[in-house]
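Hi there,

Here is the structure I promised to pass on. Have a look at it first, and then read my notes below.

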Amino acid sequence: MNAEFVVRYLSPSTSGHPSKQLTNQERQALHALGIAVGFVWESTGSRASEDYQAGVDDAKAAQKQLRKLGAPDNSVVYFAVDFDTAGDPGQVDEYFRGVTETFGLANTGVYGGYEAVEHLHEKKQIPWMWQTASWSHKKWYADAQLQQYSIDDPPGFDLDRTTVSEAGLWEPVSSPNRRVEGRIVDAKGNGVEALAVGVFRQELHGERLMPDVYSSQGEAFHGYARTAVDGTFTVGYDGGVDDLVVRVFSSVGRQLGPDHGPYSDVKAKLVLPPIQVAAADLKGRVSTTGAFTQSVTGNAVEPLIDNATAWKALYDDVLKAEHSIDWMLFFLDVGRVFMTFDDPTPDTGVTTTGGRLEDALKKVAQDKGVKVRLACNQLTAHTAFSIPWPFTTASQVTSAMKDVSNVRVRALRTPATAPIHAKFVVIDNKIAYLIGSPFVSDYYDGTTHAIGDARHGDFSSCIDSRAIKVPTHDVSMRLRGPVIGQLNETFALHWNQADPDAPEEPPAPAPPAVGTTSLQVVRSLAGNARYTATPHGEKTVLESYLRAIETAKKYIYFENQYFTNDVVAEAIVRRLKERTELCVIFLTNNKVDIPSYDVLHPQHVGRVLSSLEDDERQRVGFFCPWSHESGAMAQSLTEICRNYIHSKVAIIDDDWITVGSANLDGASLDYSQNPYTNWFATWLFGLRPKGDLHENRETEVNVSLFDQVSGGPTTTIVRDVRRRLWAEHLGYASPTHADLQSPPSGGDWLKLWRTRAEAKLAGLTASQITIHPGKVLAYPPIPGTTKISDDADSAEGYLKWAGVKVDALNVREHFRRFDWKHGQWEDTAS
């Protein structure tokens, strides 16, 4: 028997039909033989006589199974009417109404006898018809594309034929004229299963995946081959390709080892020798692809939550410096920002005074002979034009430090779309700080994030705060110990690059151990030969994130101002599908401060939500912070204002944390999206960088901390930071509160977040508005929503979307402004 097509069940197997449901293995085998595949859904014989909801449920189940098979988006499914409608074909109408409204009319088919097929086509416009000889009384409906003309003859088979060339079947791809075969092995030569293998080619506008025509991974890894138990794989693709490369990926999309290739002039089949993946690349949380391939033990760590705490600690340590200060300085708004405030200022009727960073640096350099080196960010257009303040800070700092003995300033000239975004300082080679924010007054804030905090001052003219101007949350870290050696090397790399004609200055040696904590510095560095030592740059911040995500078991917690990175979004989705007890909690912003990110950011939130099934979506929650407090005037309405998350923190399972400067966007992790999303502006103003745009990334520095992971010693730091952050965001007076010690029943921390967010929203929507101590509201606020409202980036728009009556509140778009010079409030209204 020569078969041209088969029709197989999508619906689940049963005890009576143990092989009823089509499997990926069977579909692949049929396609490999050149046989097309059709789909039919039937849960029970009389199912189509049931109600609308039955149709909805079956359509959703069919969609889910199609995704598992990796079937095309426009796949047709024939829903079975497997009984004689006996003069009453209308009994199936409600079922098919549920099917078509859920599955889409264009892709809905019906299997049944003559009466059912005719009725549903002529009365309900069902476009696809598969008629069976049963209950048809030897009549054939002329428009049916498929006919089941023989029942159980030969025994065990029903025979079908097509009446037209297009019958809603999944046709096999024409035999691929290119194929790559190989085997992935570990260091002992054993095959490694369940890895993803992709074939890529270089094109004019970047590289492109050549989708595997045999791919059966559905949404999670569609287009990639997966290695079998023995590590073997086959990738088949259409079309001639030269200069292809082969890459191997982990379960969440982390590349394992280097590219393999390029291979040129592939005639028909490329058989690769075994590809060995090192044990350290396969497993573990320590990044292995950059300059620092090991974690360093013997460190002491102090997380500093919010800038009122971090900036004061830093200022005090600068004044205590004895011999050296090395600083990667992203932005210092000279003369306009205080690190500390003198009592009783700021207060009404009094000129505000306090400690300024530039004054502290001058003082220790002049009075104590401290050698100060400041590597300042200097944005440029590719024409070598230096972009001035308020966009960049080098000229301000250079002017402030002019003729100050023992202070040297170097400008790091970088493209505007890929600046030196890292913010760290090493003092006396004993203490280091990773600072979250630029030194701009808008970013100063305490843990209460009060709307009326005079320490915010007036609005800065600095471009870095163009869309902040609201209470801002950030996290910094103070470090001591040998990990500072990795920061010294990073500083030396940039310091020497800033003036390549000057004699090279080697990095300071790593200091001795002072504690027990295990840390690793991870970095993002631009490629395009910006740095001689790393011509293609470095992406170990991204690697660190992916390694942590792929080993997450119970929870992943993110605090980040942006979420526009495709790789991280895909990793989150894949791990949620892989680990059914995992939950993801993401604290971010409803409004961001970069043009185009206002589109990309909500898109990626929606992308994660829409990529998950209903049950999977219950295990991920996005949230935004809000300050809600009594009004500025007596008897006035309560005030509410969005907060801004500026922190770059991730915590996983109470045993891993990363803190630093890297956002979850392209510029911080792999390549800047700005030359693509703002291509006209970057071209018009000369900001589009030269070279490979995929190597155009910012300098970022994070520190990842390990607790009993990858050889790390035991520490409670990760757990303690999680409790402190959540106490602030969820409105608990102390991080020792019982709710923060262990997750609610069922082991799901997300339940706690949703409960607190619902309580805050209930207070805002009550007939008598009440102030809940927590900060967070759900994003999006409507359960089940997968698309972010276009108005969600305004305070009123978001609150209206959440069902809040904004007329009963003073909804503010920014914090209250305070004039430090004259000691007076500039506004009381929004």
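Let me start with one pair of strand residues: Ala-80 has Tyr-111 of strand S4 as its bridge partner. Before going further, please note that this is a predicted model, in which local features need pLDDT of at least 70 and side-chain atom pairs count only at pLDDT 80 or more, while totals for chains, interfaces and linings use all residues. Residues are numbered from 1 along each chain as its sequence is written, and side-chain values use heavy atoms, with hydrogens and water left out.

**Strands S3 and S4**

Strands here are DSSP runs of E with at least two residues, helices are runs of H or I with at least four, and both are numbered from the N terminus. S3 (residues 77–80) and S4 run parallel and are joined by four bridges; two strands pair if DSSP finds at least two bridges between them. How many residues of S4 (residues 108–112) are buried? Five of its five are, where buried means under 20% relative accessible area, exposed means over 50%, and partly exposed lies in between (1.4 Å probe, protein chains only). In a regular strand, side chains alternate between the two faces of the sheet. In S4 both faces are covered, with Thr-108, Val-110 and Gly-112 buried on one side and Gly-109 and Tyr-111 buried on the other.

**Salt bridges**

Side chains of opposite charge can pair when their charged atoms come close. The structure holds 36 salt bridges, each being a side-chain nitrogen of Lys or Arg within 4 Å of a carboxyl oxygen of Asp or Glu. Among them is the one between Arg-547 and Asp-281, at 4.0 Å from N to O. This pair links distant parts of the chain, 266 residues apart, with Arg-547 in helix H11 (residues 540–550) and Asp-281 in helix H6 (residues 279–282). Arg-547 counts as buried because its relative accessible area is 0%, and Asp-281 is also buried, at 17%.

Two further pairs each join a buried Asp to a partly exposed Arg:

- Asp-333 and Arg-336 form a salt bridge whose closest N and O atoms are 3.7 Å apart. Asp-333 is buried at 1% relative accessibility, whereas Arg-336 is partly exposed at 37%.
- Asp-453 and Arg-455 meet at 2.9 Å, N to O. Asp-453 is buried at 12%, and Arg-455 is partly exposed at 26%.

There is also a network of salt bridges, which links Asp-326, Arg-373, Arg-408, Arg-410 and Glu-505.

**A negative patch**

Which residues gather in a patch of negative charge on the surface? They are Asp-598, Asp-791, Asp-793 and Glu-813. Patches are made of residues with over 30% relative accessible area and no salt bridge, with like charges joined within 9 Å. Asp and Glu count as negative, and the place of a charge is taken as CG of Asp or CD of Glu. Glu-813 sits in the loop between strand S38 (810–812) and strand S39 (818–819), and counts as partly exposed because its relative accessibility is 32%.

**Strand S17**

Val-301 lies in strand S17 (residues 296–305) and is buried at 15%. Its C-alpha is 10.0 Å from that of Tyr-433, although the two are 132 residues apart in sequence. Gly-298 is found in S17 too, and is buried at 7%. Gly-298 and Pro-512 are 214 residues apart in sequence, with 7.9 Å between their C-alpha atoms.

Best wishes

Key: Patches are made of residues with over 30% relative accessible area and no salt bridge: like charges are joined within 9 Å, nonpolar side chains (Val, Leu, Ile, Met, Phe, Trp, Tyr) within 5 Å. Accessible areas come from the Shrake-Rupley method with a 1.4 Å probe; for residues, only the protein chains shown count as cover.
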